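Subject: Structure handover

Hello,

Here is the structure you asked for. Please look it over first; my notes follow below it.

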Amino acid sequence: MLIKVFGSAVFGVEATTITVEVNINKGIGYHLVGLPDNAIKESSFRIAAALQNNGYKLPGKKITINMAPADLRKEGSAYDLTLAIGILAASNQIKATSIANYLIMGELSLDGSLQPIKGALPIAIQARKEGFTGFILPKQNAAEAAIVDNLAVYGVENIKEVIDFFEGTKELTPTVVDTRETFYKELAHPEFDFADVKGQESIKRCMEIAAAGGHNIILVGPPGSGKTMLSKRLPSILPPMSLQEALETTKIHSVVGRIKENVGLMAQRPFRSPHHTISNVALVGGGSYPQPGEISLSHNGVLFLDELPEFKREVLEVMRQPLEDREVTISRAKFTVTYPSSFMLVASMNPSPGGYFNDPDAPVTSSPAEMQRYLSKISGPLLDRIDIHIEVTPVPFEKLSEDRRGESSVSIRERVIAARDIQTQRFTDLPKIHYNAQMGVQQIRMHCQLDDASKTLLKTAMEQLNLSARAYDRILKVARTIADLEGVPHIQGSHISEAIQYRSLDREGWLG
């Protein structure tokens, strides 16, 4: 008897429905075809034990299973439940009248209980698109898949519940999630707050500008000056994610199985901080069967690279294209996958191998030549793509010993949100541009027009600092953001001069 059941495969951040055809005939043997990987080939042993421990059996006949489309590589253990139900239906051990209406996924344990799967959210989105009545999956993933409306999502704990459901002896209760209520409920105050930071007012100002315009930023300073502390607090002043952004972010984390158990939509912006020993594949994504890398996991959030010169140069260079295009494309011989990677890059570094500026009073001194050699580990094109460069100096004792708390992240965030609202109205007709850092050449010409005095000021800075054309664009974008924070419609000379100050690494003699 031939039976068709349905599962799903995830490529990139999109899912493709897989038709599992199970045919049972006279003879002996278990034949699984359709480009399955080793995890799927091993499923026969898990299925046999799970069925036996729940009062059923693997038929002693010739079982042929085809996973269509047969030229598409399938991987992972999430097809166990799909195959098991197909075998039971094809051998007439359970009723098969409504199986084709449901998409079934789950990894089986030997006792028949189910383990969580990856990619539940994109699979649920595709299931709704293709008109399935329901989606049966492990209970741990139910809240994640239930984000999708107009699709009945059934979270089950073991295969017996699924069998009883199709037999009609037990009803399954669909998991219901009020996406909007859950999303806004989770927008709690962040763990890290700028009120904990003593002094560093100029750096807080830089962080505010970076958050308001979505600008990349690099902090240069000696050990203990607060670079990491400040960076960890940046997400606390970013505007809350929109529902669309939250859905995009959740899809990516779902694909790699990073969604916490019984958690639906991600409400907080991601903050990723990879170690400096990371490989280029782990950073941008890839592998034989491509998976998202750190830059995609930080989509709509912050990617923090601590001690930037310690990263391998080739690792940093692969970021150049994603920083410009805000997506990364991974090509293989048979397919191409594109992952979104619209993130804020926050980097920190010491000014020298010893960790200090060229200061005779510093505990460890380095010569200007050593400092320059250390800084040259970061390429000029990469620095050009970072809008704001700022020096961080140690906090004096008087500031550290103050009892007065600094301005809270909540009040800073209000100004950031107000500036972002201005940008949202500005780019209403441009669906791919949401804030100033994403502006292209046309938008810069339109929204960053300067008066004669500002042009002269910028021209002088360009000539004296020997800035590139890309640095010119960055200065204009940052100046536009500063004007937005002040609620001013046109860029003024003071905005340009402040933006020029945030190009520290372009200034000759900045080492002292």
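This is a predicted model, so treat every value below as computed from it.

Pocket first. The largest pocket encloses about 1,300 Å³ of space. Its lining counts 45 residues, and S342, K432, H434, Y435 and Q438 sit closest to the centre. By class, the lining splits into 19 nonpolar, 12 polar and 14 charged residues. Several elements supply at least two lining residues each: helices α10 (243-255), α14 (320-325), α18 (409-426), α19 (441-447) and α21 (469-486), plus strand β16 (336-340). The top contributor is α18, with 5 residues.

Next, the cavities. There are 2 of 30 Å³ or more. The largest holds about 50 Å³ of space. V197, K198, G199, E201, K204, E402, R404, R405 and G406 line it. That lining is made up of 6 charged, 2 polar and 1 nonpolar residues. The second largest cavity comes to about 30 Å³. Around it are N216, L323, R326, R385, D387, A437 and R474. Here the classes run to 4 charged, 2 nonpolar and 1 polar.

Now the packing. The largest nonpolar core has 65 residues, and I85, F135, I136 and F166 make the most contacts inside it. Helix α3 (residues 80-90) gives this core its largest share, 8 residues. Apart from this core lies another one, of 48 residues, including A211, A212, I237 and A471.

F135 is worth a look on screen. Beyond its neighbours within four places in sequence, F135 touches L103, M105, A120, I123, A124, A145, L151, A152, V153 and Y154.

How many residues of α3 are buried? The count is 11 of 11, so the helix is largely enclosed by the rest of the structure. The buried set takes in D80, T82 and G86 as well as L81, L83, A84, I85, I87, L88, A89 and A90. Just after α3, N92 adopts a positive phi of about 60°.

Some backbone points to check:

- The A68 to P69 peptide bond is cis, with omega near 0°. P69 belongs to the loop between β4 (62-68) and α3.
- N150 has a positive phi, near 60°, and is not a glycine. Its loop runs between α5 (142-145) and β9 (152-156).
- Q200 also has a positive phi without being a glycine, near 55°. Q200 is in the loop between α7 (179-185) and α8 (201-213).

Are N150 and Q200 buried or exposed? N150 has a relative accessible area of 71%, over the 50% cut-off, so N150 counts as exposed. Q200 has 11%, under the 20% cut-off, so Q200 counts as buried.

If you open the model with little time, start at the pocket centre, with S342, K432, H434, Y435 and Q438. Then go to α3, where 11 of the 11 residues are buried. Finish with the cis bond from A68 to P69.

Best wishes

Note on methods: Residues numbered from 1 in each chain as written. Predicted model: local features only at pLDDT ≥ 70, side-chain atom pairs only at ≥ 80, totals over all residues. Heavy atoms only, no water. Core = buried A, V, L, I, M, F, W, Y, C linked by side-chain atoms within 4.5 Å. Buried < 20%, exposed > 50% of the residue type's maximum accessible area, 1.4 Å probe, protein only. Helix = DSSP H or I, 4+ residues; strand = E, 2+ residues; numbered from the N terminus. Contact = heavy atoms within 4.5 Å. 1 Å grid on protein atoms, 1.4 Å probe; cavity = no way out; pocket = protein on both sides within 12 Å on 5 of 7 lines; lining within 4 Å. Points joined across faces, edges and corners; volume = space filled by probe spheres on them. Nonpolar A, V, L, I, M, F, W, Y, C, P; charged D, E, K, R; others polar.
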